[in-house]
Amino acid sequence: MTERQEQTAPDAVMTRIGQVVMLCHAGDREEARHRFLELWAEIGEDGDPLHRCTLAHYMADAQDDPCDELAWDLRALTAAEELTDDRTARHQSGLAVRALYPSLHLNLAADYVRLARADAARTHLRRARRAAEALGEDSYSDGVRAAISRLELRLGEGGSTDGRWGPPRQRP
């Protein structure tokens, strides 16, 4: 019973991260960066990998400097490498670590494009495509696949040859 309660109890840190994400999406990137940094200090370099991965992933989006964005995306990937499926499932039932990698590598590829480092961008783009095989069939997954395809076209990578990937399907 205690284990079930732990699995369903809200994660206060993830809730706080989500609140800062909303602040960032509302346009107050400077305040979001400030609050993310406060949370990062609380979590610490050795804190829960899910918290560090999530916070760094969103902190990257709040950056104005592409080098800073890259540094935060690299932190997110490093934290993801420490995650276990058990830890992610305690946060969201059915969430597997491997489902995080397509987006993490896609973000790194986009960072490297902005920094005019095409070879590094292509490396992460290929990793994103391989990792995307772990994604399910839902609107989030469709969006990630479409973003991978768009970046592949931009880099001249050609995209999927099996015809499965492209713009997200229209849902009724």
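User: Let's start with Ala 128: is this residue buried or exposed?
Analyst: Happy to begin there, with the reminder that this is a predicted model. Ala 128 sits in helix H8. A residue counts as buried when its relative accessible area is under 20%. The value for Ala 128 is 0%, so this residue is buried.

User: Which residues does Ala 128 touch, once those up to four places away in sequence are not counted?
Analyst: One partner can be seen from the backbone: the C-alpha atoms of Ala 128 and His 105 are separated by 4.9 Å, though the two are 23 residues apart along the chain. With residues up to four places away left out, the list for Ala 128 is Pro 102, His 105, Leu 106 and Ile 148.

User: How do H7 and H8 run relative to each other, roughly parallel or roughly antiparallel?
Analyst: Their axes lie 8 Å apart, and the packing angle is about 165 degrees. Angles over 145 degrees fall in the antiparallel class. H7 and H8 are therefore roughly antiparallel.

User: What is the handedness of the crossing of H7 and H8, and which residues of H8 make the contact?
Analyst: The crossing of H7 and H8 is left-handed. On the H7 side, the contact involves Tyr 101, Pro 102, His 105, Leu 106, Leu 108, Ala 109, Tyr 112 and Val 113. From H8 come Ala 120, Ala 121, His 124, Leu 125, Arg 127, Ala 128 and Ala 131.

User: In the loop between H7 and H8, is Ala 116 buried or exposed?
Analyst: Ala 116 belongs to the loop that links H7 and H8. Its phi is near 60 degrees, a positive value in a residue other than glycine. The cut-off for exposed is over 50% relative accessible area. Ala 116 has 72% relative accessibility, so it counts as exposed.

User: Which helix gives the most to the largest nonpolar core?
Analyst: That core has 47 residues, and Phe 36, Leu 55 and Leu 151 have the most contacts inside it. At least two residues each come from H2, H3, H4, H5, H7, H8 and H9. The helix that gives the most, with eight residues, is H7.

User: Which residues are in contact with Leu 151, leaving aside neighbours within four places in sequence?
Analyst: Leu 151 is one of the residues with the most contacts inside the largest nonpolar core. Beyond its sequence neighbours, the contacts of Leu 151 are Leu 106, Ala 109, Ala 110, Val 113 and Leu 125.

User: Turning to H2 and H3, are they roughly parallel or roughly antiparallel, and which residues of H3 make the contact?
Analyst: The axes of H2 and H3 are 8 Å apart at an angle of about 165 degrees, so these helices are roughly antiparallel. Their crossing is left-handed. H2 brings Val 13, Arg 16, Ile 17, Val 20, Val 21, Leu 23 and Cys 24 to the contact. H3 brings Arg 29, Glu 31, Ala 32, Arg 35, Phe 36, Leu 39, Glu 42 and Ile 43.

User: Stepping back, how many helices and strands does the protein chain have?
Analyst: Read from the N terminus, the elements run α-α-α-α-α-α-α-α-α. The tally is nine helices and zero strands.

User: And what share of the exposed area do carbon and sulfur atoms supply?
Analyst: Of the 172 residues in the chain, 45% are buried. The chain exposes about 9,900 Å². The share supplied by carbon and sulfur atoms is 49%.

Methods:
Residues numbered from 1 in each chain as written. Predicted model: local features only at pLDDT ≥ 70, side-chain atom pairs only at ≥ 80, totals over all residues. Heavy atoms only, no water. Helix = DSSP H or I, 4+ residues; strand = E, 2+ residues; numbered from the N terminus. Buried < 20%, exposed > 50% of the residue type's maximum accessible area, 1.4 Å probe, protein only. Areas by Shrake-Rupley, 256 points an atom, 1.4 Å probe, with all protein chains shown as cover. Core = buried A, V, L, I, M, F, W, Y, C linked by side-chain atoms within 4.5 Å. Contact = heavy atoms within 4.5 Å. Axes fitted to C-alpha atoms, helices over the stretch in contact; angles between N-to-C directions. Parallel < 35°, antiparallel > 145°, perpendicular 65-115°, else oblique. Left-handed = near helix turned anticlockwise from the far one by under 90°.
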